[in-house]
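Work through the exercises below with the sequence and the coordinates open. Each task is followed by a solution in steps.

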Amino acid sequence: MAGFPPLSGAIAEGGIVLHFGDPSREQRALERGEALVPLGDRTVIELTGSERLTWLDSITTQAVARLRAGQSTELLVLDPQGRVEHVAAVFDDGSSTWLIADTADAAPLATWLQRMVFRADVKVAVRPELLVVGFFAGGSAEQRAESVALALQRQAVVWTDPWPTVQPGGHQYHVGEHPGSGYHWRTAVLDEAAAAVLAADSETIWAGALAAEALRIAAWRPRWAAEVDERSLPHETDWIRSAVHLNKGCYRGQETVAKVHNLGHPPRRIAALHLDGSESLLPDAGAPVLVVGADGAEDEVGRITSAARHHELGPIALAILSRRAPAGDLVVRTPDGDIAAAQEVIVPGDAGATAEIPRLTRLSRRPSAPDPRDAH
């Protein structure tokens, strides 16, 4: 598998560049659109063939049959019980459909897609020689990445994250301002030569994965490698917002998606946590989240999925909690001590199509006569 050329000052672990010496400074540069992040934990899958989009539409949660060249979206693959198995960013350039997935998920996703081809005019190919960089729109990093991005049919392969707005056919369970509205994240696909050009250019500003993750968590943005486990339903992590089209045709797991959305009450829910930073502790993924009663009784109600230090918000985290978890403050347990956590509810416990619709008092059993003005 290809890797990024050596980058000056990079601190890496397991092939992932974590930072370049100052994660807070890197976050600011990334947020301003000035920095690029080498995403060594992403893998590219290419789909070709005349039926690639209609075929992909029929087996995934997203409506992609009419995806036009240059458009981006996101999709999920569910199991028959509606649980999330795979997640992919989607970009079409007019001749190929490009899927960008977390590396640990890419090979299983490609294998499943290959099994589903049957007689369709579709070819599935994992492209391990291709590399991915991330950046935010509106700055010099965008221009730099697009100038060297892989381009077939004169269309640069640059995926635009749909997270800032609720997508057609989607639904947002959170009521009020959503921090994802400012999350203008992009990823560009590069070949090794283009990556070498960026690495050799002294004007390129780099940021590491710690910076990118902090900004993702602050935007409440779920990720397969962090927020998905063997029980995950799309509703629990707010993925109905960007990756599920509730009105499209049949796909595996659709019955569960419709049932949970229409009736409400997913078993679990994602929440954002603002952590007490006085002890400089940051929990690892999997750390238990507790409710502590006035009498000192403890009740475990969930687990941390992602945590980071944000340059403005301080230590923050995402957690998957039980539906029964109260909306108030929580405690995160770590080997070095407990951390107090203030909770922001992202997906409420009664999340569903009618959860936020006020009930009208029934005044009469007799239907009112139609107003003739309604016919005009």
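The exercises cover a sheet, salt bridges and a nonpolar core.

This is a predicted model, in which local features need pLDDT of at least 70 and side-chain atom pairs count only at pLDDT 80 or more, while totals for chains, interfaces and linings use all residues. Residues are numbered from 1 along each chain as its sequence is written, and side-chain values use heavy atoms, with hydrogens and water left out.

**Exercise 1.** Determine the strand order of the open sheet of five strands, and state which strands stand at its edges.

Solution. Strands (E, at least two residues) and helices (H or I, at least four) are DSSP runs, numbered from the N terminus. Two strands pair if DSSP finds at least two bridges between them.
- Step 1: the order is 5-6-7-4-8, with antiparallel pairing.
- Step 2: strand 5 and strand 8 (123-126) each have a single partner strand, so one side of each is left without a neighbour in the sheet.
- Step 3: within the sheet, strand 4 (residues 42-48) and strand 7 (residues 96-102) are joined by seven bridges, and Thr48 stands opposite Ser96.

**Exercise 2.** Find which parts of the chain are tied together by the salt bridge of Arg221 and Glu74, and state whether these two residues are buried or exposed.

Solution. A salt bridge is a side-chain nitrogen of Lys or Arg within 4 Å of a carboxyl oxygen of Asp or Glu. Buried means under 20% relative accessible area, exposed over 50%, and partly exposed in between (1.4 Å probe, protein chains only).
- Step 1: the N to O distance between Arg221 and Glu74 is 3.0 Å.
- Step 2: Arg221 lies in the loop between helix 6 and helix 7 (224-227) and Glu74 in strand 5, so the bridge links parts 147 residues apart in sequence.
- Step 3: Arg221 is buried at 3% relative accessible area, and Glu74 is buried at 5%.

**Exercise 3.** Identify which members of the largest nonpolar core touch the most other members, and list the contacts of Ile346.

Solution. A nonpolar core is a set of buried Ala, Val, Leu, Ile, Met, Phe, Trp, Tyr and Cys residues joined through side-chain atoms within 4.5 Å.
- Step 1: the core has 26 residues, and Leu76, Leu318 and Ile346 touch the most other members.
- Step 2: elements that each supply at least two residues include strand 5 (72-78) and strand 18 (314-322).
- Step 3: leaving aside neighbours within four places in sequence, Ile346 is in contact (heavy atoms within 4.5 Å) with Tyr173, His174, Trp220, Asp238, Ile270, Ala271, Ala272 and Leu318.
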